[in-house]
Amino acid sequence: VLLLAAALPSEQGSWRVAAAGQKPSSGARLFAIAPHQKGKVQEEPVLSVQNKQAQHFDWALNKLDSSVRRTGRITRTLLLRIFHDMCRTGYPSSNQALLLLRSCGSLLPEVPLCERTELAHMIWGKLQDLGAVYDASHYNALLKVYLQNEHKFSPTEFLSKMEEANVQPNRVTYQRLIAAYCNEGDIEGASKILGFMKMKELPITEAVFSSLVTGHARTGDMENAENIFSVMRDAGIEPGPDTYLALLNAYAEKGDINSVKQILEKIEKMEGYLMDRDLLQVIYSLAKAGYPQYVPDILSQMRYERGYIPDAMNLSLNLITQGLEDTAFQVFKSFPTLPSENHSETSMDYGNFFLQHCVHMDKPLSKLKQFCDELKEANMHSSPLQFTLYCALESKKAALAINLMKTMKEEGLPLRPHYSWPLLVGYQKEKNVQGTIGVLKAMHELGVEPDVETYTNYVLTNFDDIQTFRALLQENGCPFETEGLSVAALRHEAIYGTLENITELLYKDGRYCQTPPGPAEAVGYFLYNLIDSMSDSEVQAKEEHLRQYFHQLKKMVPFHFLLHNNTEVSALEEELEKLKAEKQPIGNVLKQLIVALCAEENMQKALEVKAKYEPDMVVGGYAALINLCCRHDNVEDAMNLKEEVFRKDSSVALDTNKYLALVKVLGKHGRLEDAINILKEIKEKDIPIKDTTVTSFFHILNAAAMRGEVETVNRLHESILTLGLAKPSTNLCTPLITVHLEKDDVPSALEATIDCYKKYGKMPRLHDILCRLIEQGNTELLQKAMDFVSQERGEMMMLYDIFFAFLNTGKYKEAKKIIETPGLRARPGSLQWFAEKCIATNQMETLENMVEMTQKLFECDRDEMYYYLLKLCKISNDWRKAEATWTKMQEENVIPRARTLRLLADTLKNNGQEVPFDVPEVIYVNALYMPLQCNVTSQLFFFILIVEAYNILLEAQKKDIMFPASAYSTLIKALLAEGCLEEALKVKNIAETHIKGFTLNDAASSLLIITQVRRDYLKDAISTLKKVLESDMVPMSLAVIRLIQALAMKGDLESICTVEKMVENLATSIGLSRMLFVNNTVLAHIKKPATDLFLQYVDAGRVDDARFLLQVIIYQERNSSGQKIKTLLDLVPDFPDMKIVYSYLLKSLDNDVVSAKTLFEKMKSENIHTDEIFLKRLAVLLKNAGEPVPFTEPPESFHFYVNKLTQERQEISSHAE
Amino acid sequence: MAATRGSSRRVFELFVSQIHWTLATKELRDYFAQFGTVRKCTLPFDKETGFHKGFCWIGFSSEEGLRNALQKESHILDGIKLQVQQQKRRSFRSQYTNEGETDMS
């Protein structure tokens, strides 16, 4: 059937067929295992595990088989992967165990012999622990592995182990034990086993005789070895290829090539036939015994049958593994090569496998070089040294790689900086600074100077600061002032080192502060993002840096942000008086004073201050004051203030909350028309309506309802809906009914809810109405209500409604009758609603009754019902009730889910009671919540919990335990919050495969976007955003902001555009400023973060820094500086003094005449005044370049004009003082 | 800003695959420069392994460069044949723009 089968012992026939035949019975065995696994495993998971196992077995077999088919071998990695997969799926079957064990022998030519056996033992033990049951086939497989791996062991011990395990050895066992004895030349031992076989009347096969040939040969007795042939014939068995092969190997081990040749000739004469594979064995024996000189004699006998190459390859690999690489090379060179037709065009390279394995096996450089030379000479490989280097790099063998590069250099082969990257990547991951420096040093000695990419991507990230790194380079004798390093260092600074500068920018540049919340918010955002984007270890590592940063921040933030609430009223008053006396503008301080007074809830004083300084009042002050009056129920002043501010500026709009406060206070004081007018104003002025606004509407309406003001409730509700300020919802409709119930007017309440249903399709508070009607015994109206519900929502809903109403009013008999209505089936949603209501209101008796009454209800999830009950037991800490519930469950034969058991166990444990069952280990993931705080310790703590939860989930998944969708979402969010993208995606996949239609919610999706951005997977982030929008979810604005900012840093204008279009309709509702796109589009043009700095420097008057920066940029971009200048100018169009910018530009142009001329032309076209210094500088530049000067050059020296300007400036500044 | 969006930003791109590991951006750029001005050479590197992924995009600043390169029957660099084709789907490459790009435009 398969090569794999062929490679395996044939004694047991086609084992694949046997395996397939075993499938049903393995299922039966599983059932036997399941009970003692954990005790209370439900049937379903076991069945699905079983099913999975069968599938997995086929998959693993195919995987291994295709590997054997293609290459004649299995790699250790593949074997281990399948092994780990098997372990993960839970209960490994016997078949799977057999499959793995059988793969631990000669199918692993790349693995040293002893390691193969160790692997077999490890698999044996682990699978046994996991419940695999071993029979004779497993023991036999293990024996075969021992033999193939030349593993020395005691056959008697092996037998007694089998006996202990109560496994009967069979013929195959004995045959293999004989072979084991014979391999050691122990004829006596072999005879003993032979005795057992005879005793058990087991037939003696050719395999036994072959072993005996080997056995006698290994005692040195070739005569007796030869004699076995006649013994065989006497016993009626004709010696076959196996026996001849045993004899051939025996002579080969003696180095008796003549006998080998004679036997081969003899076989040929007998028209017998040995396969290439057999001859390869003889080669192996020759090599191992130290007679490589005879290998060519055997190689010449090969027939190159199909499958020769994989077999020979495996022999070659095996020989390399065992330190016989020279013979391995001989074997390799014997490969028949296919004549390559297009040899001239692309050279076919042979021997990669050989070189690679030599590298893996740490063969010395000299050997490798020798092989490479030979391959090259024989035209078998075009670039063997490069390939060997590749292997060394891939397997991170740094020393070898560097030595190979030396060799390459000696041979005149080019060395390139990126050859060091695979090594550097490794050190980067390990944070191995010495390793990194070592590679750089070696490269330097090889004459390869690292380029910018090398430093940026693989080196600098390893160092906290560049000075340390430079010092280390210097210490190690590496150049530390190369161009590559300087540019990389600048890049690095721009990316990682400009926290302070960015914050400064956020503060000082008005364009960044235009988003409504202002700069304080922007800094807060930035801080949140910053700390959020750092891992715990980073936070700890950069603690000092952050501390300094915070300190700096404190200095920078205008005092009123930080001291907002602490500003003393008196201090402000003084300030105000002082300003007033000085006839200076007081608007700002006045506002601060009003705000401070409002914070102190000092309405009287605030109003007085306002009256006193009325002409100087600004909108912000009014708004605060209006709000204060509303809070203090001072509707008159509130309205007066509002009118006053509107008189000053009719376009003024208050914010949503202040309008709502007005509506509330007006409603409360019966000024219904005014309240409705405010609602209209909200509409007219297009005040943003948020979810919280709608909640506020409800509270306003509900407050009116509680006061029993029917008209107020109805008219406000109507206005809100007709103005389109909110959509009709059950919640918003509720006050319409509440208002009647509060007045105990149940008929009107019923009318109202019927009316509500007709108008808005909602039926609020029906349950309460029904309960009241039952309590009042108003059967007539009750009938009316039921008819209505029945007609509108169906009989089933009606029955549930009335069932719950009877339950709630303690009319259990009636309730029971209703729920026993024939044909009624469980409605999990309704039952849950009522159960949660009972839990929330602590109605134990009601809940108990519901649980009991629904016992016979069709399709009722009993565990779920008891779970509700236990939930309430836990909340009320009633362990007795909990225990009784447990007993009831047993009585009812309910199989509890794990979560139910845990709930029960918790309640018992909390009350010091013993738990009478095995508590499932899984901790409920819901207990976790997303850490939002930046506190390092707590974050670390949550991180540990999250890792725990993640492991639990993986564990649970193996056992087919499912969690509710919310648990997955919570965990995904938590993982994302910790930046564990891969893990989160894995959980997402699990959830998607387990829960139909599982989607991430808004928050989790947003976090996913943020994390993807952080990982630089921008394309993925965009597609996540797309999915979010497509599924009508609303992303967090932070997610969009992050994405846009990241795109800007990449200069990806196109994607910024795409994202802008995607969120177009959402932008205002989630508070995305248009400036976000404008600013980032500008930044995207520049791409280099250094320009940020430039702007700031110019802004902050740090001329030298700005100039230096420009020089660096222009130096970097010297080929296209004209373009760069243009871009820079595009960036700063609003800069107050263009003259300054231009002069900096000119200064920084160095001797770039072309750019300078462009600049001058641009200035002329824009009518920008060129001062004397500028003209002088330009003139000098042009003259030096031998160009004509197209204007009158200022006559004095350059320094003259510089001094002149300095003087002028001093004069200006002294005037200002 | 608007000006930079004009035709001058159009790039004429080649998709090159089967690139030997010994070659990096510089070698490719130098090689393709014989056909026209190479505006960009994007050779994504795998940050896990430190090796590139075996393919890259070469952007010429003119259509002529692109045509010249495509006219050459086979491209052999360091003795190894490169697979060269015209880049058609632009969206395909954007996912790699962040890696190992050297864009001097």
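This passage describes the fold of chain B and then the setting of one serine in chain A, as they appear in a predicted model.

Chain B makes a good starting point. Its secondary structure amounts to three helices and six strands, and from the N terminus these elements follow the order β-α-β-β-α-β-β-α-β. The chain has 105 residues, of which 53% count as buried. Its accessible surface is about 5,200 Å², with 46% belonging to carbon and sulfur atoms. Contacts that span the sequence are well represented: among those in chain B between residues at least 6 apart, 69% join residues at least 24 apart.

Strand 5 of chain B, residues 80–86, is a handy place to look at the strand pairing. On one side of the account is strand 1 (residues 12–17), which runs antiparallel to strand 5 and is joined to it by four bridges. Within this pairing, Phe15(B) stands opposite Gln85(B). Strand 4 of chain B, covering residues 75–77, also pairs with strand 5 in the antiparallel sense, here over three bridges. In this case His75(B) is found opposite Leu82(B). Strands 4 and 5 of chain B form a hairpin with two residues between them, and Asp78(B) in the turn has a positive phi of about 55°.

Turning to chain A, Ser830(A) lies in helix 48, which spans residues 828–840. Ser830(A) counts as buried because its relative accessibility is 13%, and the cut-off for buried is under 20%. Beyond its neighbours within four places in sequence, Ser830(A) is in contact with Met797(A), Tyr800(A) and Phe804(A).

Technical notes
Residues numbered from 1 in each chain as written. Chains lettered and ligands numbered in written order. Predicted model: local features only at pLDDT ≥ 70, side-chain atom pairs only at ≥ 80, totals over all residues. Heavy atoms only, no water. Buried < 20%, exposed > 50% of the residue type's maximum accessible area, 1.4 Å probe, protein only. Contact = heavy atoms within 4.5 Å. Pairing = 2+ DSSP bridges. Areas by Shrake-Rupley, 256 points an atom, 1.4 Å probe, with all protein chains shown as cover.
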